[in-house]
Amino acid sequence: MIQRKISTCLAVIIIAMFFISAKPNDKCKLKIQFENFVGNDLLKLDSAVYKNSLGQTFTVSKFKYYISNIHLKNKKGTEFISKEFFLVNDEEVKSKQILLNDIPEGEYTAISFILGVDSLHNCSGVQKGALDPINGMFWAWNTGYVFMKIEGHAPQSISPGNIFEFHIGGFQGQFNALRDIKMAIGNWQLATNKENNLKIKVDAAEIFKTPNEIDFAYLSSVTDNNNNTIIADNYVDMFSVIEVK
């Protein structure tokens, strides 16, 4: 009798494990690839020469930016939200690829995120991972993070050595440089049985272009609150979806 009960229990456990393992996993993975450009040309640090909208030539030696608070909007009106912080650094190939896990299977129509670091994390002192000061994107405990950093050289620059440098941050009042980025992605079905890839173009030329045209002979350096929102209003237009598959 005892042996029969044991056998019955084992059978129940095996059947239960079968159904658990057979239950479909409705969670997806999404790979987001950021491709940095200047206009229609891929960004090449220190080598390629580009022109801004005024025809002034320049080269880029550094380009970094924070992506955070990623939202994926489902066709049903629900949203998947990632609370992770990602630092995209053109010098590091791996940083330009973001992997999101545990996204519910379904049809998605839009993606949005914040360029920058929210006020809470700006006021939380030294942190780790993407927010580690070792990444060179942290001013000080009382001023917080640099949201976007671009540096290079332009013959027309009025800065010593003809450099230009735009280190944009700030989250308070009239100096708030946080910007919401929103893009439609059509009706895109994320599924568990396939690779889900989203490629986003990041056009650094927009930093100097719209709505505020930047003349290197007049403005070649922004490293504090002065003029920071002029650049922030420009980098809203940097992002566009170029491929979903």
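A nonpolar core, as the term is used here, is a set of buried Ala, Val, Leu, Ile, Met, Phe, Trp, Tyr and Cys residues joined through side-chain atoms within 4.5 Å. Keep that in mind as we walk through this structure, which is a predicted model.

Let's start with the whole chain. It runs to 245 residues, and 44% of them count as buried. The secondary structure comes to 14 strands and three helices. If you take the contacts between residues at least 6 apart in sequence, 71% of them join residues at least 24 apart. As for the outside, the accessible surface is about 13300 Å², with carbon and sulfur atoms accounting for 53% of it.

Now go inside. In soluble globular proteins, nonpolar side chains tend to be buried together. In this model the largest nonpolar core has 66 residues, and the members that touch the most others are Phe-34, Phe-63, Phe-166, Tyr-235 and Phe-239. The element that gives the most to this core is strand S4, residues 57-74, with eight residues.

Phe-34 is a handy place to stop and look around. Once you set aside its neighbours within four places in sequence, Phe-34 is in contact with Tyr-65, Ile-67, Val-88, Lys-96, Ile-98, Phe-113, Ile-200, Val-202 and Phe-239. Phe-239 is itself on the list of core members with the most contacts to other members.

There is also a lysine among those contacts of Phe-34, namely Lys-96. Where does Lys-96 sit? Look in the loop between strand S5 (79-89) and strand S6 (97-104). Is Lys-96 buried or exposed? Its relative accessible area is 14%, and the cut-off for buried is under 20%, so Lys-96 counts as buried. Apart from neighbours within four places in sequence, Lys-96 is in contact with Ile-32, Gln-33, Phe-34, Asn-36, Val-88, Asn-89 and Asp-90. Val-88 turns up in the contacts of Phe-34 and in those of Lys-96.

Next, the aromatics. The structure holds 16 aromatic pairs. One of them is Phe-58 with Phe-208: the ring centres are 5.3 Å apart and the planes are at 70°, so this pair is edge-to-face. Phe-58 belongs to strand S4, while Phe-208 is in the loop between strand S12 (197-203) and strand S13 (221-222), so the pair links distant parts of the chain, 150 residues apart. Both partners are tucked away: Phe-58 is buried at 2% relative accessibility, and Phe-208 is buried at 1%.

Compare that with Phe-164 and Phe-216. Their ring centres lie 5.1 Å apart, but the planes are at 15°, so this pair is stacked. Phe-164 is in strand S10 (residues 163-169) and Phe-216 is in the loop between S12 and S13, so the pair ties together parts that are 52 residues apart in sequence. Phe-164 is buried, with a relative accessible area of 1%, and Phe-216 is buried at 0%.

Which residues make up the cluster that these rings belong to? Tyr-50, Phe-58, Phe-164, Phe-166, Phe-208 and Phe-216 form one aromatic cluster. You've met Phe-166 already, as one of the core members that touch the most others. Elsewhere, a ring is paired with a charge: the charged end of Lys-201 sits over the ring of Phe-37, 5.1 Å from its centre.

That brings us to the charged side chains. There are five salt bridges in the structure. In one of them, Lys-75 meets Glu-107, with the closest N and O atoms 3.9 Å apart. Lys-75 is in the loop between S4 and S5 and Glu-107 is in strand S7 (residues 106-115), so this bridge ties together parts that are 32 residues apart in sequence. Lys-75 is exposed at 52% relative accessibility, whereas Glu-107 is partly exposed at 25%.

Another salt bridge joins Arg-179 and Asp-233, at 2.8 Å from N to O. Here strand S11 (residues 179-190) supplies Arg-179 and helix H3 (residues 228-235) supplies Asp-233, and the two residues are 54 apart. Arg-179 is buried, with a relative accessible area of 14%, while Asp-233 is partly exposed at 33%.

One more bridge to look at is Lys-209 with Glu-206, where the closest N and O atoms are 4.0 Å apart. In this case the acid is the buried partner, with Glu-206 at 13% relative accessibility, and Lys-209 is partly exposed at 39%.

Definitions and conventions. Residues numbered from 1 in each chain as written. Predicted model: local features only at pLDDT ≥ 70, side-chain atom pairs only at ≥ 80, totals over all residues. Heavy atoms only, no water. Buried < 20%, exposed > 50% of the residue type's maximum accessible area, 1.4 Å probe, protein only. Helix = DSSP H or I, 4+ residues; strand = E, 2+ residues; numbered from the N terminus. Contact = heavy atoms within 4.5 Å. Areas by Shrake-Rupley, 256 points an atom, 1.4 Å probe, with all protein chains shown as cover. Phe/Tyr/Trp six-rings, centres within 6.5 Å; stacked < 30°, edge-to-face > 60°. Lys NZ or Arg CZ within 6 Å of the ring centre and 35° of its normal.
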